[in-house]
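Work through the exercises below with the model open beside you. Try each task before you read its solution.

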Amino acid sequence: MSRVYNFSAGPAVLPEEVLREAAEEMMDYKGSGMSVMEMSHRSKVYDGIIKEAEADLRELMNIPDNYKVLFLQGGASQQFAMIPMNLMKNKKAAYIVTGQWAKKAFQEAQNYGEAVKVASSEDETFSYIPDCSDLDIPEDADYVYICENNTIYGTKYKTLPNTKGHTLVADVSSCFLSEPVDVSKYGIIYGGVQKNIGPAGVVIVIIREDLITEDTLPGTPTMLKYKTHADADSLYNTPPAYGIYVCGKVFKWLKKMGGLDAMKKRNEEKAKILYDFLDESKMFKGTVRKEDRSLMNVPFVTGDKDLDAKFVKEAEAAGFVNLKGHRTVGGMRASIYNAMPKEGVEKLVEFMKKFEKEN
């Protein structure tokens, strides 16, 4: 069986050379006589793996020294609670709701204080990013929360909101490492890795040190305090050791590819191939306002449910898998993360042209 073109939103495609390297090291990591899967997280060898992964990530993202990098578990969804538990000192926070995940984060925050929805694009099925240049943000809000790239709806913030001096917290799960980013603009920038970086089970939190305090909401579990993990260098308990090891390999791959500037250029080229076709197609239509389009997730529809289903089925038979759209949008969605080769997108477009002719 040859490899398919996997357009899944996550867990998603990984670079082939990373998978091969992991396979080669599966039984014996660098002469240790064992797999990283079997290795004590307290061992010298593993300590080298996690420290090197962090150093490479710091280099890739140019992370300032006053930010901690935490490798945690529980996915992005656990951060929906962890963020208010650690940051809601005034029991108030502002949320911009631009999709399913921002909405879930907003709902979760209501358990811990007053979550104020300061903008939303729900009125048009989250198909655009609202204007965030002059929002009515409560003076005493502890932070402003966004989901920067909306996996399901295929939208992306091209400019960060004007937070009027408040701390910005961003979920970047589906655009992590897809382009350069100025970490200093965020208080917390975090994401699950299973879309653009590694296997499911790891969430990376990059957090400014002044936000890491003992002063959390009463009843916050030890495991949900940033301080617990920051003080222990992400080794308070057994971390998702193998997942972090694969992430580390992806960081090395990204460096080899030329870093985040090169990735952005590559991602723009890939996305353009698909968007240009959608803009001229008689059958397929993109669902997102042009200026808010994501480089990572591209939803599209034919306008006919039966035709959509037929397309997904025939695409799968042709080796283009996981193109079915999220149930809330319907239609199709192609996730074209860092590891999706350009030829995957070119071949998908060829297939779409053929399908359009035949139908």
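A disulfide is a pair of cysteine sulfur atoms within 2.5 Å. Keep in mind that this is a predicted model.

**Exercise 1. Cysteines**

Task: Find how many disulfides the rule gives, then examine cysteine 132 and cysteine 175.

Solution:
- Step 1. Apply the cut-off. The count comes to zero disulfides.
- Step 2. Check cysteine 132. Its nearest cysteine sulfur belongs to cysteine 147 and is 13 Å away. Cysteine 132 is in no disulfide.
- Step 3. Check cysteine 175. Its sulfur lies 7.7 Å from that of cysteine 147, the closest cysteine sulfur. That is too far for a bond.
- Step 4. Ask about burial. Buried means under 20% relative accessible area. Cysteine 132 has 8% relative accessibility, so it counts as buried. Cysteine 175 also counts as buried, because its relative accessibility is 8%.

**Exercise 2. The largest pocket**

Task: Describe the volume and the lining of the largest pocket.

Solution:
- Step 1. Start with the space. The largest pocket holds about 390 Å³.
- Step 2. Turn to the lining. There are 25 lining residues. Those nearest the centre are Lys156, Tyr157, Lys158, Glu179 and Lys264.
- Step 3. Find the main contributor. Helix H7 (residues 259-280) gives the largest share of this lining, five residues.
- Step 4. Sort the lining by class. It has 11 charged, 10 nonpolar and four polar residues.

**Exercise 3. The second largest pocket**

Task: Do the same for the second largest pocket.

Solution:
- Step 1. Take the volume. It is about 300 Å³.
- Step 2. Take the lining. The second largest pocket is lined by 16 residues. Arg3, Val13, Glu16, Ala339 and Pro341 lie nearest its centre.
- Step 3. Look at the elements. Strand E1 (5-6) and helix H1 (16-24) each supply at least two lining residues.
- Step 4. Sort by class. The lining of the second largest pocket has 11 nonpolar, four charged and one polar residue.

**Exercise 4. A sheet**

Task: Trace the order of the open sheet that contains E11, E12 and E14.

Solution:
- Step 1. Read the order. The three strands run E11-E12-E14, with antiparallel pairing.
- Step 2. Find the edges. Strand E11 (285-286) and strand E14 (332-335) each pair on one side only, and they are the edge strands.
- Step 3. Inspect one pair. E11 pairs with strand E12 (residues 297-301) over two bridges, in the antiparallel sense.
- Step 4. Match residues across it. Glycine 286 stands opposite phenylalanine 300 in E12.

Notes: Residues numbered from 1 in each chain as written. Predicted model: local features only at pLDDT ≥ 70, side-chain atom pairs only at ≥ 80, totals over all residues. Heavy atoms only, no water. 1 Å grid on protein atoms, 1.4 Å probe; cavity = no way out; pocket = protein on both sides within 12 Å on 5 of 7 lines; lining within 4 Å. Points joined across faces, edges and corners; volume = space filled by probe spheres on them. Helix = DSSP H or I, 4+ residues; strand = E, 2+ residues; numbered from the N terminus. Nonpolar A, V, L, I, M, F, W, Y, C, P; charged D, E, K, R; others polar. Buried < 20%, exposed > 50% of the residue type's maximum accessible area, 1.4 Å probe, protein only. Pairing = 2+ DSSP bridges.
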